[in-house]
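The following account leads from the overall fold to individual side chains, with attention to charged residues and their surroundings. Please keep the sequence and the model in view while reading.

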Amino acid sequence: MFILSPNILNSVSVTAVLGLAPGLSAKFIIHCNIPQWGVDKCEEQLEKTVMNCLTLADEKKLKSIAFPSIASSRNCFPKQIAAQLILKAISNYFDNATSSSLKNIFFVLFDSESIGIYVQEMAKLDIK
């Protein structure tokens, strides 16, 4: 399993970088830069970041990845918008992938509001 660690890189790129995760239950951690809400193209950058993380996980033939609700805390994205963008990026990734090693995607959420938002947004994806 991967744990995604936001805001580690000091650039404005949407690069995802793999590192070891000593002392954690995950074997690896993906470090990435998450855009700040309100900056130019922040929504597009967040989607690209998620896609890059999924691509990196596939390149390394990983079977699972865990995403916290990246961008909705320190980066001030509204929780609903962050969830919509993250889920849209994941859905688009698998719609366009010819194959994937990823079998499980986990969401690491710490409050009932975030859980409710993700459940609501995932239900909308099921309807489409």
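**Charged side chains and their settings**

Lys-79 counts as partly exposed, at 25% relative accessibility. The model in which this residue is described is a predicted one, and Lys-79 is a useful point of entry to it. The side chain of Lys-79 meets that of Glu-113 in a salt bridge, with an N to O distance of 3.2 Å. This pair connects distant parts of the chain, since Lys-79 belongs to helix 2 and Glu-113 to helix 3, 34 residues apart. Through shared partners, salt bridges join Lys-79, Asp-111 and Glu-113 into one network.

The other link in this network is the salt bridge between Asp-111 and Lys-79, at 3.1 Å from N to O. Here too the pair links distant parts of the chain: Asp-111 sits in the loop between strand 5 (104-108) and helix 3, while Lys-79 is in helix 2 (residues 79-96), and their positions lie 32 residues apart in the numbering. Asp-111 is partly exposed, with a relative accessible area of 28%.

It is helpful to place this network within the fold. The protein contains 3 helices and 5 strands, and along the sequence these elements follow the pattern β-β-β-α-β-α-β-α. Of the 128 residues, 39% are buried. The accessible surface comes to about 7,200 Å², and carbon and sulfur atoms account for 57% of that area. Contacts across long stretches of sequence can also be quantified: among contacts between residues at least 6 apart in sequence, 67% join residues at least 24 apart.

How many salt bridges does a search of the whole structure find? The search finds 5. One of these salt bridges joins the side chains of Glu-44 and Lys-48, at 3.0 Å from N to O. Both residues lie in helix 1 (residues 42-59), 4 residues apart, or about one turn of the helix. Glu-44 is partly exposed, with a relative accessible area of 39%, and Lys-48 is also partly exposed, at 41%.

Helix 1 also holds Asp-58, an acidic residue in another setting. Asp-58 is buried yet has no salt bridge, and the nearest side chain of opposite charge, that of Lys-61, is 6.9 Å away. A salt bridge requires a nitrogen-to-oxygen distance within 4 Å. Which polar partner does the side chain of Asp-58 have among other side chains? A polar contact of 2.4 Å joins it to the side chain of Tyr-93. The Asp-58 side chain also reaches a backbone atom, the nitrogen of Leu-102, at 3.5 Å. With residues up to four places away in sequence left aside, Asp-58 touches Tyr-93, Ser-99, Ser-100, Ser-101 and Leu-102.

A further acidic residue, Glu-121, lies in helix 3. Is Glu-121 buried or exposed? With a relative accessibility of 5%, Glu-121 counts as buried because the cut-off for that class is under 20%. Its neighbours, not counting residues up to four places away in sequence, are Gln-80, Ala-83, Gln-84 and Leu-87. Polar contacts are found with two of these residues: the side chains of Glu-121 and Gln-80 are joined at 2.3 Å, and the side chain of Glu-121 makes a polar contact of 3.4 Å with that of Gln-84. As for the backbone, the C-alpha atoms of Glu-121 and Leu-87 are separated by 7.7 Å, although the two residues are 34 apart along the chain.

Helix 3 (residues 112-127) also contains Met-122. In what state of exposure is Met-122? Met-122 is partly exposed, with a relative accessible area of 32%. Together with Ile-115 and Val-119, Met-122 makes a nonpolar surface patch of about 240 Å². Met-122 can belong to such a patch because residues qualify with over 30% relative accessible area, and its value is 32%.

Taken together, these details describe several settings for side chains in the model. Lys-79, Asp-111 and Glu-113 form a network of salt bridges, and Glu-44 pairs with Lys-48 within helix 1. Asp-58 is buried without a salt bridge but has a polar contact with Tyr-93, while Glu-121 is buried and has polar contacts with Gln-80 and Gln-84.

How values were computed. Residues are numbered from 1 along each chain as its sequence is written. This is a predicted model: local features need pLDDT of at least 70, side-chain atom pairs count only at pLDDT 80 or more; totals for chains, interfaces and linings use all residues. Side-chain values use heavy atoms; hydrogens and water are left out. Patches are made of residues with over 30% relative accessible area and no salt bridge: like charges are joined within 9 Å, nonpolar side chains (Val, Leu, Ile, Met, Phe, Trp, Tyr) within 5 Å. Accessible areas come from the Shrake-Rupley method with a 1.4 Å probe; for residues, only the protein chains shown count as cover. Helices (H or I, at least four residues) and strands (E, at least two) are DSSP runs, numbered from the N terminus. Buried means under 20% relative accessible area, exposed over 50%, partly exposed in between (1.4 Å probe, protein chains only). Contact means heavy atoms within 4.5 Å. A polar contact is a pair of N or O atoms within 3.5 Å; within protein, one must be able to donate a hydrogen and the other to accept it, and residues adjacent in sequence count only if both atoms are side-chain atoms. Lys and Arg count as positive and Asp and Glu as negative; His and the chain ends are not counted.
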